[in-house]
Amino acid sequence: MIPVTTLKDRKVALFGLGGSGFATARALISGGAEVTAWDDNPDSVAKAAAEGIRTEDLHNIDWSQQALFVLSPGVPLTHPKPHWTVDLARAAGVDIVGDVELFVRERRAYAPDCPFIAITGTNGKSTTTALIAHMLKSAGYDTQLGGNIGTAVLTLDPPKAERYYVVECSSYQIDLAPTLNPSAGILLNLTPDHLDRHGTMQHYADIKERLVAGSDVAIVGVDDSHSALIADRVERAGVKVVRISRRNVLADGIYAEGTKLIQAAGGAMLPFADLDGIQTLRGSHNAQNAAAAVAACLAVGIPADDIRTGLASFPGLKHRMQPVGRRGRVVFVNDSKATNADAAAPALSSYDRIYWIAGGLPKASGITTLAPYFPRIAKAYLIGEAAAEFAATLGEAVPYEISGSLERAVAHAAADAERDEAAASTVMLSPACASFDQYKNFEVRGDAFVGHVAALDGMTMLIGPAIGEK
């Protein structure tokens with residue numbers, strides 16, 4: 001835990017008692033703050049009170065006495081309208097922050113020079129975050145991994161010299177961290193997302209820009225127009241910028257040329273690493289993630305050979321294009337996180353001979369946008385409520401069966417792939433659907449897939465029981 005000592009003996013209001021909210025309340029109390037916490041869910045309030053956290057309806061407190069208001073990132077700050085606590089805090093002139101801001105303040109107070117890498121972007125940030133942490137850990141550095149990836153940042157070990165922090169930041173967290181100042185800040189990409197919470201694409205982009213604008217080194221993917229403009233603006237403001245691209249040659253920065261990562265400086269192009277053969281970093285989207293991770297590690301002084309070693313040994317992020325087993329020429333891939341067609345596209349684009357397990361609770365958009373990848377699919381195995389709809393979309397373009405259950409789909413796909421005479425084939429769970437018709441969440445679905453794969457005869461598992469755990 002990181003005790004929030006910068007608010008010792010001061011009154012702090014807190015709203016939102018989910019996982020990160022509880023962690024924040026504990027960290028504030030441990031640091032000596034006088035916390036008053038609340039939540040719209042009575043069960044959460046009761047749980048906090050039972051743990052000894054002071055609770056009171058924030059309608060009833062004296063806001064003029066509060067030094068700060070800490071808001072959970074899941075609670076609306078601006079759109080579709082500010083939460084009622086936000087209105088009360090603003091009326092009293094009380095600053096509103098989140099847990100990442102509290103971490104930033106503690107780092108600045110006790111170890112301002114300890115390396116801090118922050119990662120954001122619409123897509124790829126969890127993989128990039130996990131990859132950076134893996135490269136640092138594999139090189140022997142004291143590494144703390146947290147933030148939006150699933151570990152509340154204030155549950156990490158306290159800042160000290162030569163302790164490296166790798167923190168994934170959502171747009172909500174950035175919006176609540178006004179003094180965010182990483183050693184290396186990454187903005188991977190921007191596409192429309194969470195506009196219900198940010199109002200417009202421009203506001204969403206402006207929030208993401210804050211992370212790199214406050215960085216010592218800003219690492220920006222320049223393959224979309226919003227991010228390219230941000231890179232230019234931040235550079236004009238005096239921040240050192242490293243551009244990355246998976247599509248275009250750069251005069252300065254790091255770009256992908258097929259599976260190769262090229263480091264460019266002053267027009268000179270030098271090969272840095274080759275991702276060919278690294279199963280967990282297949283596809284151009286992962287080339288972008290790897291380029292960003294390399295740039296960040298170089299920015300905080302990690303030797304190039306240590307970075308290359310970390311790339312080659314990356315085990316992948318659980319449920320995201322994760323190779324989990326192999327039997328002969330067949331590799332089994334868990335991409336359970338792909339809960340819609342757009343999310344399934346990277347996996348389908350990264351393999352050539354696919355026995356595809358798809359289906360679940362369908363999204364409104366279906367899988368029509370995946371038609372360009374249909375030639376890569378040897379056969380589809382359809383499960384859950386979406387099976388009939390997906391079958392109609394596949395039509396005569398892709399052979400399919402309605403398997404119904406995931407266990408049956410794995411067994412049939414494995415048998416068909418084993419009979420395939422191709423040099424290599426892939427049994428892939430990339431459902432393009434939510435899981436809720438058959439499983440509690442995509443994690444449970446992915447774990448079930450791994451269990452069914454492990455039960456097949458002759459399997460060599462590529463993961464251990466703790467692989468990819470956060």
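Let's start with one residue: Ala 111 counts as buried because its relative accessibility is 6%, under the 20% cut-off. This is a predicted model, and the points below introduce three places in it.

**Around Ala 111**
- Ala 111 sits in the loop that runs between helix H4 (99-110) and strand S5 (116-120).
- Neighbours within four places in sequence aside, Ala 111 touches Glu 106, Pro 159, Lys 160 and Ala 161.
- From C-alpha to C-alpha, Ala 111 and Ser 20 lie 23 Å apart in space, with their positions 91 residues apart in sequence.

**Where helices H5 and H11 meet**
- Two packed helices are described by the angle between their axes and the distance between the axes.
- For helix H5 (residues 125-138) and helix H11 (residues 304-312), the angle is about 120° and the axes are 8 Å apart.
- H5 and H11 are therefore oblique to each other, and their crossing is right-handed.
- On the H5 side, the contact involves Leu 131, His 134, Met 135 and Ser 138, which meet Ile 307, Gly 310 and Leu 311 of H11.
- The residues in this contact of H5 with H11 comprise four nonpolar, three polar and no charged.

**Helix H12 and its surroundings**
- Helix H12 covers residues 341-350, and its buried residues include Ala 341, Ala 344, Ala 345, Ala 347, Leu 348 and Ser 350.
- The buried residues of H12 pack against helix H10 (284-299) as well as two strands, S16 (354-359) and S19 (425-429).
- At the start of H12, Asn 340 has a side-chain oxygen within 3.1 Å of the backbone nitrogen of Asp 342.

Conventions: Residues are numbered from 1 along each chain as its sequence is written. This is a predicted model: local features need pLDDT of at least 70, side-chain atom pairs count only at pLDDT 80 or more; totals for chains, interfaces and linings use all residues. Side-chain values use heavy atoms; hydrogens and water are left out. Axes are lines fitted to C-alpha atoms, for helices over the stretch in contact, and angles run from 0 to 180 degrees between N-to-C directions. Helices (H or I, at least four residues) and strands (E, at least two) are DSSP runs, numbered from the N terminus. Angles under 35 degrees count as roughly parallel, over 145 as roughly antiparallel, 65 to 115 as roughly perpendicular and the rest as oblique. A crossing is left-handed if the near helix is turned anticlockwise from the far one by less than a right angle, and right-handed if clockwise. Contact means heavy atoms within 4.5 Å. Ala, Val, Leu, Ile, Met, Phe, Trp, Tyr, Cys and Pro count as nonpolar, Asp, Glu, Lys and Arg as charged, and the others, Gly among them, as polar. Buried means under 20% relative accessible area, exposed over 50%, partly exposed in between (1.4 Å probe, protein chains only). A polar contact is a pair of N or O atoms within 3.5 Å; within protein, one must be able to donate a hydrogen and the other to accept it, and residues adjacent in sequence count only if both atoms are side-chain atoms.
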